[in-house]
Amino acid sequence: MAHLDSEVKEECLREDLKFYFMNPCEKFRARQQIPWKMGLQILKIVMVTTQLVRFGLSNQLVVAFKEENTVAFKHLFLKGYSGVDEDEYSCSVYTQEDTYESIYFAISQFHQLRNLSLGTLGYGENEDNRIGLKVCKQHYKKGTMFPSNETLNIDSDIEIDCIHLDLQTLSKNPQDWKNSSFFRLEFYRLLQVEISFHLKGIDLQTIHSRELPDCYIFQNTIIFDNKAHSGKIKIYFDSDANIEECKDLNISGSIQKNTQYVLVFDAFVIVICLASLILCTRSIVLGLRLRKRFLDFFLEKYKRCVCNADQWEFINRWYILVIISDLMTIIGSILKMEIKAKNLTNYDLCSILLGTSTLFVWVGVIRYLGYFQAYNVLILTMQASLPKVLRFCACAGMIYLGYTFCGWIVLGPYHDKFENLNTVAECLFSLVNGDDMYATFAHIQQKSLLVWLFSRLYLYSFISLFIYMILSLFIAIITDSYDTIKKYQQNGFPATDLQEFLKECGSKEKCQKESSSFLSCICCLRRNGSDDHLTLIN
């Protein structure tokens, strides 16, 4: 009697396992179970992508408004600005007169802003709740310097002096504040002059897209950098735009109704993602319970533990990816609704959440393509080669870092692509892909013959090592995994304990019946018997 109960228990476990590892179409054919999760995922792809496209178009308006205002500010406040930045800074001056004129020009333009600007701009309050300009200068403490006698006597401690010029002060005779002792600069001690001011603006272009406008606060800073004391003062312009809720919006028309429709659509997306999250979490919980049953049975019957590979089969990594995507979509949709209602203004965080969640949703489509043998080859090859590729990249990364540090310290003073570690890494990665090779060779300054010779040895060795050896080995690893998978598909995959257990049947007649109903088709298409091992994709 006990033996009979054990066989019944074993057959029940085997049937549950076979049903768990079926694809949605097989489950429908076996027990008429409607594939809710698959249908929900397909609907979610459409809804999430539509939501992302709408938010992306809205975000493009925000980015364009910020960038266009920054360009307009440079033309308004920088004297002699040509419209093109000089490297990482906006422009530069070379004489004392030009420096004074540039400072006075920026201050004068700020005072006359309302009569000059084409934009919807107004004055804003700074950190001290004051409207106007704040001008600060950094300089060394007093000392003396006589370059002709090679004499320098200076205190390296830095002093910072600031002055606030409000609109009332600027409205007076300009000579009154220009003749102030604050603006008498001693250039041999001067480090930098910083002019900061706040402006407010309203983005009216969103009205054409039937959206409520945003209110902006632009924190603008103009820096005259003289730290190098090389006879060239670099002028930097930085504009940091913060979006704030408009205090009083009174807009008539169809904008409010359009906003309500978008909010309802976002709420529907949240409901779909919640349903997907619940169903996928439920499937993971069921898989863990079934895993515990199988481990206990295997230990009881065969007196040994199941291998880790079989244990991981019960944890569906696709469901984990879907759960992460759902959580990010829900949070991002809530932020989007708050942004749409103008209660929040964090576009960047919302973009990251919605963009990443949409990426995961589309990557999850690969799971359903894996039900077809031709596409399953790609998935299996990626899975098989991933551990080897990661180990290989770890070793190759050490060599790459060595070349990065070496190029930065040696070639940095002589080549603009090697000035800092970030640009060095980007330059070397471009060389690995065969981009911009001649320009990298040609731009090395030939001021030092030793450095020039070293640069040739450095670049030739890096290109030869990474393109002809490391990159070829990288491709060979993936090719080897692909050949292995193709060979397994022809001759059969090595059977694991779980697969051997699923193949066993209580009777030959029952085995044939179960095989025809459970394991005969992939996505409603019949497959050859040699491909049954590929049905273990849930």
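**Cysteines and aromatic pairs in the predicted model**

Cys91 has a relative accessibility of 7% and therefore counts as buried. This value, like those that follow, comes from a predicted model. Another cysteine, Cys350, is likewise buried, with a relative accessible area of 0%.

Two further cysteines are joined to each other. The count of disulfides comes to one, and the bond is formed by Cys136 and Cys162, whose sulfur atoms lie 2.0 Å apart. Cys136 belongs to strand S3 (residues 132–146) and Cys162 to strand S4 (residues 151–166), so the pair ties together parts that are 26 residues apart in sequence. The angle about the S-S bond is 110°, and the link between Cys136 and Cys162 is right-handed. How buried or exposed is each end of this link? Cys136 is buried, its relative accessible area being 12%. That figure falls under the 20% cut-off for a buried residue. Cys162, on the other hand, is partly exposed, with a relative accessible area of 44%. Its value lies between the 20% limit for buried and the 50% limit for exposed residues.

Attention now turns to the aromatic side chains. A pair of aromatic rings is described by how far apart the centres are and by the angle between the planes. Searching the whole structure yields 24 aromatic pairs. In one of them, the ring centres of Phe73 and Phe77 are 6.2 Å apart and the planes meet at 50°, so this pair is tilted. The angle is neither under 30 degrees, as stacking would need, nor over 60, as an edge-to-face pair would need. Phe73 and Phe77 are four residues apart in helix H3 (residues 36–77), and about one helical turn therefore separates them. Both of these phenylalanines, Phe73 and Phe77, are buried.

The aromatic pair of Tyr216 and Phe218 is stacked, with 5.9 Å from centre to centre and 10° between the planes. Tyr216 and Phe218 are both buried. Which residues do ring pairs link into a cluster? The members are Phe65, Phe73, Phe77, Phe110, Tyr123, Phe197, Tyr216, Phe218 and Phe237. The tilted pair of Phe73 and Phe77 and the stacked pair of Tyr216 and Phe218 thus take their places in this cluster.

A contact of another kind involves a charge and a ring. The charged end of Lys137 sits over the ring of Phe182, at 4.8 Å from the ring centre.

Note on methods: Residues are numbered from 1 along each chain as its sequence is written. This is a predicted model: local features need pLDDT of at least 70, side-chain atom pairs count only at pLDDT 80 or more; totals for chains, interfaces and linings use all residues. Side-chain values use heavy atoms; hydrogens and water are left out. Rings of Phe, Tyr and Trp (its six-membered ring) pair if their centres lie within 6.5 Å; planes under 30 degrees apart count as stacked, over 60 as edge-to-face and the rest as tilted. Helices (H or I, at least four residues) and strands (E, at least two) are DSSP runs, numbered from the N terminus. Buried means under 20% relative accessible area, exposed over 50%, partly exposed in between (1.4 Å probe, protein chains only). A charge sits over a ring if NZ of Lys or CZ of Arg is within 6 Å of the ring centre and within 35 degrees of the ring normal. A disulfide is a pair of cysteine sulfur atoms within 2.5 Å.
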